[in-house]
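The exercises below are meant to be worked with the sequence and the 3D structure open side by side. Each begins with a task, and a solution then follows step by step.

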Amino acid sequence: MTRRFASPPSPAEFEALAHAAFARIPEPFAPHLEGITVHVEEFADEETLRELGIEDPFGLTGLYHGRSMDTDSVWISGEFRPRITLYRQPLLAEWCETDVVLEDLVTHVVIHEVGHHFGLSDEAMHALEDQAR
């Protein structure tokens, strides 16, 4: 079967997909997402990959940068706002190699990274993803 794709979505389109995923995150989580920014990069940089022990740059589709809410404190200052970075090329590759709808793939990655913001287990992240569909 030959799969046909239009032009690959731009970084701005990926960011719009991420914001749409944020909008579907239910209570009681939604009010605590304020301040998280979304960035789109082509790939993770070498330092990030090295720190995470990932050799293949296609092996990382997203990353949460920040302190999880379960370790945050009003006494901590001077840190950057929490952010989620989506890595466009690895997401495009996974999209092309699987039958997953791109919106679903981006939602999956966003919810996984949001789960890190809340300090959730993988099981809780999957439950949150089910609620956001």
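A salt bridge is taken here as a side-chain nitrogen of Lys or Arg within 4 Å of a carboxyl oxygen of Asp or Glu. The model is a predicted one, and the values in the solutions are computed from it.

**Exercise 1. The salt bridge**

Task: Find how many salt bridges the rule gives, and establish which parts of the chain are linked by the pair.

Solution. Step 1: Applying the rule gives a count of one salt bridge. Step 2: The partners are Arg88 and Glu42, whose closest N and O atoms lie 2.9 Å apart, which is inside the 4 Å cut-off. Step 3: Arg88 belongs to helix H3, whereas Glu42 sits in the loop between E1 and helix H2 (46-52), so that the pair joins distant parts of the chain, 46 residues apart. Step 4: For the surroundings of each partner, buried means under 20% relative accessible area; Arg88 is therefore buried, because its relative accessible area is 10%, while Glu42, with 32% relative accessibility, counts as partly exposed.

**Exercise 2. The layout of the chain and its sheet**

Task: Write down the order of the elements from the N terminus on, and then work out in what order the strands lie in the sheet.

Solution. Step 1: The protein has five helices and three strands, and from the N terminus on these run α-β-α-β-β-α-α-α. Step 2: The three strands form an open sheet in the order E1-E3-E2, with mixed pairing. Step 3: E1 and E2 are at the edges, and because each has a single partner strand, one side of each is left without a neighbour in the sheet. Step 4: From one strand to the next, the twist averages 20°. Step 5: The mixed pairing can be followed strand by strand, since E1 and E3 are joined in the parallel sense over five bridges, whereas E2 (residues 62-65) and E3 (residues 83-87) are joined in the antiparallel sense over four bridges. Step 6: Bridge partners can be located in the model, with Val38 paired to Ile84 in E3, Val40 paired to Leu86 in E3, and His65 standing opposite Arg83 in E3.

**Exercise 3. The faces of the edge strands**

Task: Decide which faces of E1 are covered or uncovered, and do likewise for the faces of E2.

Solution. Step 1: In a regular strand the side chains alternate between the two faces of the sheet. Step 2: In E1, Val38 and Val40 make up a covered face, while Thr37, His39 and Glu41 make up an uncovered one. Step 3: In E2 both faces are covered, with Gly62 and Tyr64 buried on one side and Leu63 and His65 buried on the other. Step 4: As a check on the covered face of E1, Val40 touches Pro11, Phe14, Glu15, Leu86 and Arg88, leaving aside residues up to four places away in sequence. Step 5: The C-alpha atoms of Val40 and Gly62 are 9.0 Å apart, although 22 residues separate the two along the chain.

**Exercise 4. The helices around the sheet**

Task: Describe how H1 and H4 cross, and identify what the buried residues of H3 pack against.

Solution. Step 1: Two packed helices are described by the angle between their axes and the distance between the axes. Step 2: The axes of H1 (residues 11-23) and H4 (residues 102-118) come within 9 Å and cross at roughly 65°, and the crossing is right-handed. Step 3: From H1, Phe14, Leu17, Ala18, Ala21 and Phe22 meet Leu102, Glu103, Val106, Thr107, Val110 and Val114 of H4; these residues divide into nine nonpolar, one polar and one charged. Step 4: H1 also lies across E1 and E3, running at about 145° to E1, and H3 lies across E1 and E3, running at about 55° to E3. Step 5: In H3 (residues 88-97) the buried residues are Arg88, Pro90, Leu91, Leu92, Ala93 and Trp95, and they pack against H1, E1, E3 and H4.

**Exercise 5. A buried loop residue**

Task: Determine where Thr61 lies and which residues Thr61 touches.

Solution. Step 1: Thr61 is placed in the loop between H2 and E2. Step 2: Because its relative accessibility is 17%, Thr61 counts as buried. Step 3: Beyond residues up to four places away in sequence, Thr61 touches Thr85, Leu86, Tyr87, Pro90, Leu91, Glu94 and Val109.

Terms used: Residues numbered from 1 in each chain as written. Predicted model: local features only at pLDDT ≥ 70, side-chain atom pairs only at ≥ 80, totals over all residues. Heavy atoms only, no water. Buried < 20%, exposed > 50% of the residue type's maximum accessible area, 1.4 Å probe, protein only. Helix = DSSP H or I, 4+ residues; strand = E, 2+ residues; numbered from the N terminus. Pairing = 2+ DSSP bridges. Axes fitted to C-alpha atoms, helices over the stretch in contact; angles between N-to-C directions. Left-handed = near helix turned anticlockwise from the far one by under 90°. Contact = heavy atoms within 4.5 Å. Nonpolar A, V, L, I, M, F, W, Y, C, P; charged D, E, K, R; others polar.
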